[in-house]
Amino acid sequence: MRGLGRFDRTQRLTAAHQIIVLTGYFEALSGVEPPIDLRELRLVQLATGQDVSGERLRALASILNDSDVPEVSDPKLEEFYASLSERLIGYLEARGPLGVGVRETLQQRIPVAAVRQYEQHLRQLAGQFPEVAFWAGRHDNRTTQMGLAGLQETLDHIASGRAPDERRQALARRYRRILDRPVLAAGDVPEGLALPSLAEAYVNPAYRSYSVGPSDRIDDESFWNPIPVGEDLQSFLISYLTSLRVAEGPLIVLGQPGSGKSLLTQVLAARLPVTDFLAVRVVLREVPADTDLQSQIEFAIRDATGDHLTWPALARASSGAMPVLLLDGFDELLQATGVGQTDYLEQIARFQEREADQGRPVAVIITSRTAVADRARIPRSGAVAVRLEPFDEARVDRWLTVWNAVNTPHLAARGLRPLPLDAVLKQPACAEQPLLLLMLALYDAADNALQRHSEALDEADLYERIIMAFAEREVRKSHPELNPAELGAAVEEELLCLSVAAFAMFNRGRQWASEEELTADLAALLEMSAPHAAGFAKASSPAQTVISRFFFIHQAQAVRADLRLTTCEFLHATFGEFLIARLIARELADLAAVLSVSTSRTRRPADDGFLRALLSFAPLTLRGKVVEFLTGLITAHSPQLCELLLDGFRTAHDAQRDWGQENYEPVRLGAPARCAALSANLLLLLLLPGSRLTARALFPDATFPVEDWRRHTLLWRTQFKTEGWRNLVATLRLDRIWNGDERDILISSCPGGWDPPPLDGRWLSNTPPGATYIGWRRMSTRELRRESYFACDLGQDYAWHGIEPLIINLDRDPDDAVNEGLTEFGVLSTNSIALSVAHTMIHMWLKSGEGANPDELQRAYRECVEAIERGRQQEATRSRNTHYSRVLRQLAADADRLPKSFRAELLEIFRRSGLLDVSSPHIEAWAAHAFGDLDQD
């Protein structure tokens, strides 16, 4: 091991481990009685299936590394030893019969004994070489939980001690200085506060890790749920960076915005010992996006050191140090450029393969936001994904301990208290992400507002206070002369711009918007233009003016064709969702105020064009959180505002629709999509204060208002994305009612979701209460099924598929006469409920099959017979008897479970119908079983 580079050391230790795996087996085998003659058996040939006679030790190590010998502490080690025994049994049987008990010993005792021998050797190897201890999970995990300091300490202990050259030293100096810098730029911190350094404030997060392949959906929450949480990230990184797999594919680090992905790459670049590692951090937002990976690496090296170095020259001069490339911000590369990068991870794998072929194995760690991880294909082998977990209570406590230690003197000087843990934990959505946790701390540091109001604050109140506080601080920076009234107006103007930014993302169906898109929206909606630049400085765009003031807006950047492309997104999506709801609520309040002073004399209409423009691109239910915030922010509507919203809903589909702001077009949509979004959103706003509306109230001039409602729902369903449509259906409750003899519906808001009641046959058949006969529907089952099949309606297809065998059985008789069991409804004499023949027939069959008690079974038969009897006109004897014959067939099987008196009633019904007069051996046989014990002719 002396004098070896980092990767050579890893290879040698891996080979040593493979040897102790095999040694453990043969040591266990040596204790077998009677002894087995193994003089002609080559150990490696048995283990690997390859003949290595005459090969040298290096070739032996190469064969072992390529074999199926398990890795360190593999839980399947005993299975591997069992497979060796099976090979050995085959070898021995080829030379003669096995002795008594030898097979049993080899199959059962030897694998267990071999594991014990292996464990002894592993303890010895791990005691001598710390990386083996990390591979086996047998290290001392009492390392510091802050700043990955334990990683540096361990890797320093096993470092080769080779002195790095000046180029590696230059990179290392650059990265290490970052540890001493504050975690946030000084301009974002209020006066009188101190910020901890990165080394002090970085809390090692929990994580989940998995070896992934092309078919794994690492962007999906359900993919990660079964994977256990690891508490010691730095131990995982030590194990990974000192293993062979480090050069086989990239390590993909995933997390939410503000989870600390970029900080992880900064801390890791600073902590890796320069004697054994060559760390190169590539910030993808700062390197050309339209070049290859090697060019991006060389650009980052020049940016960090000022030297023009080629990658091969730097890697060759590393003197055995393991190169580690830290590619930060793959999601920014995708987001800012809009260019497809689906093969970027595969490019990394190919780069690693090329470097390994050239004797320069390299590790690559790349970070990305979880939500866009599906935008690149995962290499077929070698890739590992790690997801950073939200902070738990213990990690929040560690972070607060550092924060309070640094700031308690400053707070005490102003008569303020340190921030306690319990106040922070009451806001879990913010506390679980490091950057949002810092935002809470900065908010409380002004006047202990978080502590004073923690009991009364709901999520909307918290966001209102935080955003207002940060906006006020930004306004005061540039305009300290404003009086309170002017300050309030300026703050509202800031929040209006932020809300437009939130809509810029929402109406485009994304969590982000580009600088150009936001600038266009601000110009169209607020008539904002770029300010004049002073001197030679380049004027900031309206978008830059808005987003650069708030650190809770993340700016993603990339460089393409020498142009810097920028996008923005909120660090937590809930900020944007709150701002959307806030702007809508404010606009409704302003409209109500205008309407309250409008009179017939002044005839001054309220201008709702701004609201219509915002609401005509996407349903608000696309984000359930928006609806949740609106429910709390909208308390009541004035009659005038209700009438304005109703009028907007009724005219949303006018051919000459005025969309409010003609220059505002975040996405190109056809008129149907915009009409759908506007009508659904206006209806939602009408109902959220707790109002209820009927279809007749929505469509007062309609002949059949329920049909108008159905046309609206079909439009919404076809124009909305699945999530927007399903959330709309879950949010707006519908009750089917009667308005006199007219079918109607009652719509109300139900943000918590609702379950529909059982279907009402009378309402389905448009038969008012009190009618005793419904009869045959005018539409046949065949027509219904054809319509559903033609429309490719997934929900209906599922329902049809489930009942298809029953409907085919019910709706055709042997002579091909149509029997509409699905659309025939009969009114029951007991409770006036209308049920279809198909419904009662299926219910009867199920009750029979599940062994229902006689009363339940009798009730099911009675309902079925009544539905058949009352669901057809009296002259439809043949069709009705086709259904009766199915009842008779089932009755023959259930005769012993039903009382004679009830079967006598059925016998009389069948006789009146003429069923028993039909010449059919089947009917005669069924009747004999069903009624044979009755005292009848």
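A charge counts as sitting over a ring if NZ of Lys or CZ of Arg is within 6 Å of the ring centre and within 35 degrees of the ring normal. In this predicted model, Arg 743 fits that description: Arg 743 lies over the face of Trp 763, 4.5 Å from the ring centre. Lys 625 does something similar with Phe 629, holding its charged end over the ring at 5.6 Å from the centre.

Lys 625 also has a charged partner. Its side chain meets that of Glu 459 in a salt bridge, with 2.6 Å from N to O. Lys 625 belongs to helix α28 (residues 624-633) and Glu 459 to helix α22 (residues 459-478), so this pair ties together parts of the chain that are 166 residues apart in sequence. As for Glu 459, a relative accessibility of 23% puts it in the partly exposed group.

That bridge is part of a bigger tally, since a search of the whole structure turns up 41 salt bridges. Another one joins the side chains of Glu 869 and Arg 912, at 3.9 Å from N to O. Here the link runs between helix α38 (residues 854-870), home of Glu 869, and helix α40 (residues 900-913), home of Arg 912, with the two positions 43 residues apart. Glu 869 is partly exposed, at 30% relative accessible area, while Arg 912 is exposed, at 55%.

Helix α40 takes part in a further bridge, through Arg 903. This residue pairs with Asp 933, and the closest N and O atoms are 2.8 Å apart. Asp 933 sits in the segment after α41 (921-931), so the pair ties together parts that are 30 residues apart in sequence. Asp 933 is partly exposed at 40% relative accessibility, whereas Arg 903, at 3%, counts as buried. Some bridges share partners, too: Arg 6, Arg 9, Glu 131 and Asp 276 are joined into one network in this way.

Rings get together as well, and the structure holds 20 aromatic pairs. In one of them, Tyr 25 and Tyr 81 are stacked, with 5.9 Å from centre to centre and 25° between the planes. Tyr 25 is in helix α1 (residues 6-29) and Tyr 81 in helix α4, so the pair ties together parts 56 residues apart in sequence. Both tyrosines are buried. They also belong to a cluster, in which ring pairs link Tyr 25 and Tyr 81 with Phe 26 and Phe 80.

Tyr 25 reaches helix α4 in another way. Ser 85, found in that helix (residues 77-93), has a side chain joined to that of Tyr 25 by a polar contact of 3.0 Å. Setting aside neighbours within four places in sequence, Ser 85 touches Leu 106, Ile 110 and Pro 111 besides Tyr 25. With 0% relative accessibility, Ser 85 counts as buried.

A tilted ring pair turns up between Trp 311 and Phe 351, whose ring centres are 6.3 Å apart and whose planes meet at 45°. Trp 311 is buried, at 0% relative accessible area, and Phe 351, at 6%, counts as buried too.

Finally, there is helix α24 (residues 515-526). Its 12 residues reach 16 Å from first C-alpha to last, close to the 16 Å expected. Its buried residues include Leu 518, Leu 522 and Leu 525. An α-helix has 3.6 residues a turn, so residues three or four places apart point the same way. Just after α24 comes Glu 527, with a positive phi near 60°.

Terms used
Residues numbered from 1 in each chain as written. Predicted model: local features only at pLDDT ≥ 70, side-chain atom pairs only at ≥ 80, totals over all residues. Heavy atoms only, no water. Helix = DSSP H or I, 4+ residues; strand = E, 2+ residues; numbered from the N terminus. Buried < 20%, exposed > 50% of the residue type's maximum accessible area, 1.4 Å probe, protein only. Polar contact = N/O pair within 3.5 Å; in protein donor to acceptor, adjacent residues only side chain to side chain. Contact = heavy atoms within 4.5 Å. Salt bridge = Lys/Arg side-chain N within 4 Å of Asp/Glu carboxyl O. Expected span 1.5 Å × (residues − 1). Phe/Tyr/Trp six-rings, centres within 6.5 Å; stacked < 30°, edge-to-face > 60°.
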